[in-house]
Amino acid sequence: MPEVPGTGALKEKRRYTIEDYKSWPDDERWELIDGVPYDMSPAPRVPHQDKTGNLFNKLYNFLEGKPCKVYIAPLDVYLKSENQGDDEKNTVVQPDVLVVCNPSIVEEDGAHGAPDFVAEVLSDSTANKDFSVKRDLYERNGVKEYWLIQPDTCTVFQYIRDGEKLDGDRFAPIREFRRGEAVESALFPGFIWDCSKD
């Protein structure tokens, strides 16, 4: 996988595994995608945390009593890498907000498989990765709905898996919602979120 400019500093240039990832210092935050490590520092700014927390709270309240469960970063999500064999596991990410509807993929150390819904709140250091590398990763792993949220402008970009039951092979073309336009989830009908009001 080619290095994507503006996606965070990389460790020395070689491929890493989940075992490597688990050995790194606890005070550092990294994501590992197809063996390539991406630095998750510096810590997110206040607008990022505001939007992340608000979306999590709204989803938590909406999903209460339903089978799906919402989580907030940092939580490790282990996904299949590109051209990954059974003995080569080298992808783990920490989405800002995620919803899992299959409880069997959740273990003590994180989620082992694709969440149904993922939202990433954009920051200058991660935006390119979120729109390219992570979008492709989520698409090939079967995430059904993916939101990218620009916290300063309250623009929300929505990817929905194409197919009658959100079960297609690819995401449909991106949909953009600007400040003041509420976004309705395709996966959770009735869940509507207006970034500018939270």
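Which residue of strand 11 does Glu145 stand opposite? Glu145 stands opposite Ile160, and this pair offers a way into the structure. The model is a predicted one, in which local features need pLDDT of at least 70 and side-chain atom pairs count only at pLDDT 80 or more, while totals for chains, interfaces and linings use all residues. Residues are numbered from 1 along each chain as its sequence is written, and side-chain values use heavy atoms, with hydrogens and water left out.

The chain contains 4 helices and 14 strands; these are DSSP runs numbered from the N terminus, helices being H or I of at least four residues and strands E of at least two. For 198 residues, a compact globule would have a radius of gyration near 16 Å, and the chain agrees with this because its own value is 16 Å. That radius is taken over C-alpha atoms, and the globule rule is 2.2 Å times the number of residues to the power 0.38. Of the 198 residues, 47% count as buried, a term that means under 20% relative accessible area with a 1.4 Å probe, protein chains only. Among contacts with a separation of 6 or more, 57% are between residues 24 or more positions apart, where contact means heavy atoms within 4.5 Å.

Strand 11 covers residues 155–160, and 6 of its 6 residues are buried, so the strand is largely enclosed by the rest of the structure. Thr155, Phe157 and Tyr159 point one way from this strand, whereas Val156, Gln158 and Ile160 point the other way. Strand 11 pairs with strand 10 (residues 145–150) in the antiparallel sense over 6 bridges; two strands pair if DSSP finds at least two bridges between them. The hairpin of these strands has 4 residues between them, and there Cys154 takes a positive phi near 60°. Strand 11 also pairs with strand 12 (residues 175–177), in the antiparallel sense over 3 bridges, and Arg175 is the bridge partner of Gln158.

From strand 10 the path leads on to strand 9, as 5 bridges join these two strands, which run parallel. Within this pairing, Ala119 stands opposite Trp147. Strand 9 (residues 117–121) is largely enclosed by the rest of the structure, because 5 of its 5 residues are buried. Phe117, Ala119 and Val121 point one way from strand 9, and Val118 and Glu120 point the other way. Strand 9 pairs as well with strand 6 (residues 97–100), in the antiparallel sense over 3 bridges, with Val99 opposite Phe117.

Terms used. Buried < 20%, exposed > 50% of the residue type's maximum accessible area, 1.4 Å probe, protein only.
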